[in-house]
Amino acid sequence: MSTTYWPFVTLIVSVVFIIVGIGKLRMHAFIALVLAAILAGLMTGKDSWDVVQKDGKVKTYSALVGSVEVVAKGLGDTARDIAISIALAAVIGMALMQSGGADKVVRRFLAVFGEKRAGWALLWSTFILSAPIFFDTMFMLMAPLAMTLALRTGGNYVLYVLAVCCAGTITHGMTVPHPGPVAVVDDLGISVGVSLVWGMGVGGIVAALGFMLSHWLNRRVQVPVRGSGAVSLESLHGINSKAENELPSFFWSITPVVLPIILISLTTIFELAHSGIHPKTGEPAGWALSFQAMLGGESGFKSVRTWIDFIGNKNIALFIGAFIALAVLAKQCKLGLGKLEEMVGPPLETAGMIILITSAGGAFGLALRSAGVGDAVKALAEGYSINLILLGWLVAVVIRVAQGSATVAMLTASSIMVPMLAGGTLGCHPVYLFMSIGFGSMFCSWMN
C-alpha cells in the first residue's frame, strides 16, 4: 500500500515546492521547475537510473546523479520538439506587428464582423485553423492578432487572448492529427471520421461556453497590452494610427499565418490518404483510391508525399512563413538586411525564455512519470468499482495536473484504460471514453 501511495506523495510535495518557490520565494519559473523535477527524481527512491544517451546507448547512473541526468534528458527532449517552431513563430509575430500586417488583418475582421463580434470571429477562426497544428505554434501565431485587436478596440485583451486559448485547447485535445487524440483513437479502435465529428461538434459547444466564461472574466480582470523587447507599445500605437494605404495588403498580411497552417494541414491529408490503404490487400480504399489516382497512382502519390512531408514539416512551414513575414516587413518599412538582423534578435530572446520554461516543464513531467504516478493511478483504480468514463477523465486529470502536457495525459490515460476494456464493460460507444479522456487532458493548465 505504501508503494501505491508514494508516487502521490512525490507529486504533492513537488507541486507544493513549485507553488511556494515561485509564489513565496520568488524563484524564476525555470529554476523552480528544474529543482522540482530533481526533487521528484530523488523522491522516487530508485537505487539507480538508466538514461538513454545521445548515441542511443543506455548508461546507468547512481540515484543522485541519475536524478539530475533524467531531468536534463527530459528538458532536452522537450526543447527538441518545440524550440525551432516557437522561435520562428515569435519572429513571424514580430514581423506582423512591426509591418502593420497584424493591424491590417484586425481591421478586416472589424469591418466584416464588427467590434461586438470580433471576439467570436477570433474564436472560430482559431478553432478551424488550430485543428491541424500544435497549440504552442498556433498560439504564437494568433497572439499578435489578439494583441492588435485589443489595441484597436481599446480593451478586452483578456477576452481576445482567452478566445485563442479556448479554441486551441479544445482542438489540441479533441481532433486528429494532434498526437494525443491519435493515440486514443488508435487504442480504442475508433474511426478517424467519427472522432472528428464528435470531437469538433462537442468541442465547438465547449469552446463557445468557454468564450462566454471569458466574457465574465474579462469584465472582472483588466490586463493592459504590454510591449516587449521585440515590439514596444509606443511603436504599436504608431502602427495602429497609420492610414489604410500605409499598411501591407490583406493577402500578404495573412499569408505568414495561414500558409504554414495550410502546409502542415497538407501533410495530414496525405497521412489520412495513406492510412486509407487496406491492411490485407495493400490497395487503397474509398476516397484514398481517388486521391491517389489524381496524383498518378501509388508511385505518384509517394513521390508527391515526399515533398509535401518536407514543406509541411512544422519547422520548414514556419521557416517559409517567417521568410515571407520578414520580406513583407522589409518592403513595407524599407529595411536593409542589417536592420532586419537587429529586429530578429529581441523576439528570439523572448522565445528563448519560453522554450526554457516549457522545456523545464517537460523535465518535470518526465521525472513524475519516472516516479510512477500513472502506475499508481492504475493500481488504485483496479481496487474499486468505478464508471470507466469517469475514471478515464479522472486519470487524464491527474496526469495533466501532475506534469502539464495534455498529450502525455491522453497517452497515459489511454494506455491505462484500454486493458480495463478487455471484458467489454464500457457499456456504450468508445467515442464517449475518447471525449472524457480528451476533456480530462485540458484540466487545470497551470505553471508546469
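A residue counts as buried under 20% relative accessible area, as exposed over 50%, and as partly exposed in between. The exercises below use a predicted model.

**Exercise 1.** Classify D77, R80 and D81 as buried, partly exposed or exposed.

Solution.
- Step 1. R80 has a relative accessible area of 59%. The cut-off for exposed is over 50%, so R80 is exposed.
- Step 2. D77 has a relative accessibility of 25%, and therefore counts as partly exposed.
- Step 3. For D81 the value is 40%, so D81 is partly exposed.

**Exercise 2.** Find which side chains pair with R80, and place D77 and R80 in their helix.

Solution.
- Step 1. Side chains of opposite charge can pair when their charged atoms come close.
- Step 2. A salt bridge needs a side-chain nitrogen of Lys or Arg within 4 Å of a carboxyl oxygen of Asp or Glu.
- Step 3. D77 and R80 meet this cut-off at 3.9 Å, N to O.
- Step 4. R80 also forms a salt bridge with D81, where the closest N and O atoms are 3.3 Å apart.
- Step 5. D77 and R80 lie three residues apart in helix α3 (residues 63-99), so about one helical turn separates them.
- Step 6. K73, D77, R80 and D81 are linked in a network of salt bridges. The structure holds seven salt bridges.

**Exercise 3.** Describe the salt bridge between D309 and R305 and the exposure of each residue.

Solution.
- Step 1. The side chains of D309 and R305 meet at 3.3 Å, N to O.
- Step 2. Both belong to helix α13 (residues 297-311); because they are four residues apart, they are separated by about one helical turn.
- Step 3. D309, at 33% relative accessibility, counts as partly exposed.
- Step 4. R305 has a relative accessible area of 15%, so R305 is buried.

**Exercise 4.** Check the span of helix α7 and decide how far the helix is enclosed.

Solution.
- Step 1. Helix α7 covers residues 157-174, which is 18 residues.
- Step 2. The expected span is 1.5 Å times one less than the number of residues, which gives 26 Å for α7.
- Step 3. The end C-alpha atoms of α7 are 26 Å apart, in agreement with the expected span.
- Step 4. Of the 18 residues of α7, 14 are buried, so the rest of the structure largely encloses this helix.

**Exercise 5.** Locate K334 and state its phi and its exposure.

Solution.
- Step 1. K334 sits in the loop between α14 (314-333) and α15 (337-370).
- Step 2. K334 is not a glycine, yet has a positive phi of about 55°.
- Step 3. With 72% relative accessibility, K334 counts as exposed.

Conventions
Residues numbered from 1 in each chain as written. Predicted model: local features only at pLDDT ≥ 70, side-chain atom pairs only at ≥ 80, totals over all residues. Heavy atoms only, no water. Helix = DSSP H or I, 4+ residues; strand = E, 2+ residues; numbered from the N terminus. Buried < 20%, exposed > 50% of the residue type's maximum accessible area, 1.4 Å probe, protein only.
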